[in-house]
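Work through these short exercises on charged side chains. Try each task before you read its solution.

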Amino acid sequence: MKKGICITFLLLIASTIFLIFYSKEKITSYEYYSPIEGKAYIYDSEREISFDVYSFDKNSLIKNPELNIYTLKLDQTSIVLDSIRCNTFDFKDYSIIRIYAKMPKMTSDEYYSKESILEIKNQKFILTLKYGAFSILNPISYSLLSISNLYGTYTYMNQSLILSGINITLTNDYEYMSSLRIGNACYGILSKALFDTKLDNICDLNKIYDSYNPNYVEETNIIHLSSNTLFIPLGYRNINLIRMGYIVITVDTKTYYIDTFDFMTNMYDFNEYKNMMEKGGISYA
């Protein structure tokens with residue numbers, strides 16, 4: 001009898017070890033991350049919004065739209081997203097699942113949320129992913145600004161490339177500029193604008209300026225436009241990754257917009273941008 005009890009006890013220990021190991025393996029296989037990325041879209045009912053999810057489970061359920069409910073949670077509202085489609089990009093250690101959804105129509109001409117959260121719910125778990133600032137502009141009050149050149153300059157901050165400025169050439173002549181912003185995530189530091197200057201795509205602004213502070217926000221400041229070509233550094237209230245976005249710019253007495261522009265086409269490498277990634281929260285059913 002003692003032998004039977006001993007065997008039963010050993011089986012219980014083995015079962016417990018197996019369950020602990022299995023549980024840890026399960027959690028590891030369901031690790032997800034999201035980039036702290038600002039998003040700014042010009043509203044168009046035919047366009048889509050998108051979110052990148054970094055998954056360490058290459059067979060994840062979240063890439064199957066028919067098995068999930070995708071909800072966008074903003075500061076003052078939640079929206080169940082429609083017309084979902086997913087693309088998957090496989091890398092050595094992880095996959096990037098890009099989730100597309102029909103662009104929602106907001107209640108104001110320009111909607112802004114300080115942060116955005118994507119919730120993905122299925123029968124097995126609920127996944128919560130945090131992103132950066134989120135804006136949608138319906139530009140019915142603005143005219144489209146004519147430009148002949150536009151690209152971004154990135155600077156390494158906290159070991160990640162952050163959009164630190166824009167290089168722009170205006171097609172028409174104007175006397176002055178008084179504001180520039182990309183969505184509501186960052187603002188042009190007009191007092192430090194450089195005229196007749198085009199910087200490289202990757203450039204250390206600390207070598208260009210005596211002091212560059214990416215946390216300095218300058219919402220308005222009137223500068224005389226001595227040239228149509230200029231570099232404008234950017235300042236953030238909260239530093240976000242920015243790959244794309246619309247621009248709102250005031251020149252002379254009129255405010256214009258520049259349509260959603262891709263400053264960066266490459267995906268963020270998880271290992272290079274780990275400092276700007278947020279681990280998703282997951283609860284199992």
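The exercises below deal with salt bridges in this predicted model.

**Exercise 1.** Find how many salt bridges the whole structure holds.

Solution. Start from the general idea: side chains of opposite charge can pair when their charged atoms come close. Then search the whole structure. The search finds 11 salt bridges.

**Exercise 2.** Describe the pair Glu 37 and Arg 243: distance, location and burial.

Solution. Step one is the distance. Their side chains meet in a salt bridge at 3.4 Å, N to O. Step two is the location. Glu 37 sits in strand β2, residues 37-42. Arg 243 sits in the loop between β20 (241-242) and β21 (244-251). The pair links distant parts of the chain, 206 residues apart. Step three is burial. Both Glu 37 and Arg 243 are buried.

**Exercise 3.** Name the residues in the salt-bridge network that includes Glu 37 and Arg 243.

Solution. Glu 37 and Arg 243 are linked in a network with Lys 39, Asp 52 and Arg 98.

**Exercise 4.** Work out which acidic partners Arg 47 meets, and why one pair ties together separate parts of the sequence.

Solution. First, take Asp 44. Its side chain meets that of Arg 47 at 3.8 Å, N to O. Next, take Asp 259. Here the N to O distance to Arg 47 is 2.8 Å. Arg 47 lies in the loop between β2 and β3 (48-55), and Asp 259 lies in strand β22 (residues 254-262), so this pair ties together parts 212 residues apart in sequence.

**Exercise 5.** Classify Arg 47, Asp 44 and Asp 259 as buried, partly exposed or exposed.

Solution. Use the cut-offs: buried is under 20% relative accessible area, exposed is over 50%, and partly exposed is in between. Arg 47 has 29%, so Arg 47 is partly exposed. Asp 44 has 28%, so Asp 44 is partly exposed. Asp 259 has 28%, so Asp 259 is partly exposed.

Note on methods. Residues numbered from 1 in each chain as written. Predicted model: local features only at pLDDT ≥ 70, side-chain atom pairs only at ≥ 80, totals over all residues. Heavy atoms only, no water. Salt bridge = Lys/Arg side-chain N within 4 Å of Asp/Glu carboxyl O. Helix = DSSP H or I, 4+ residues; strand = E, 2+ residues; numbered from the N terminus. Buried < 20%, exposed > 50% of the residue type's maximum accessible area, 1.4 Å probe, protein only.
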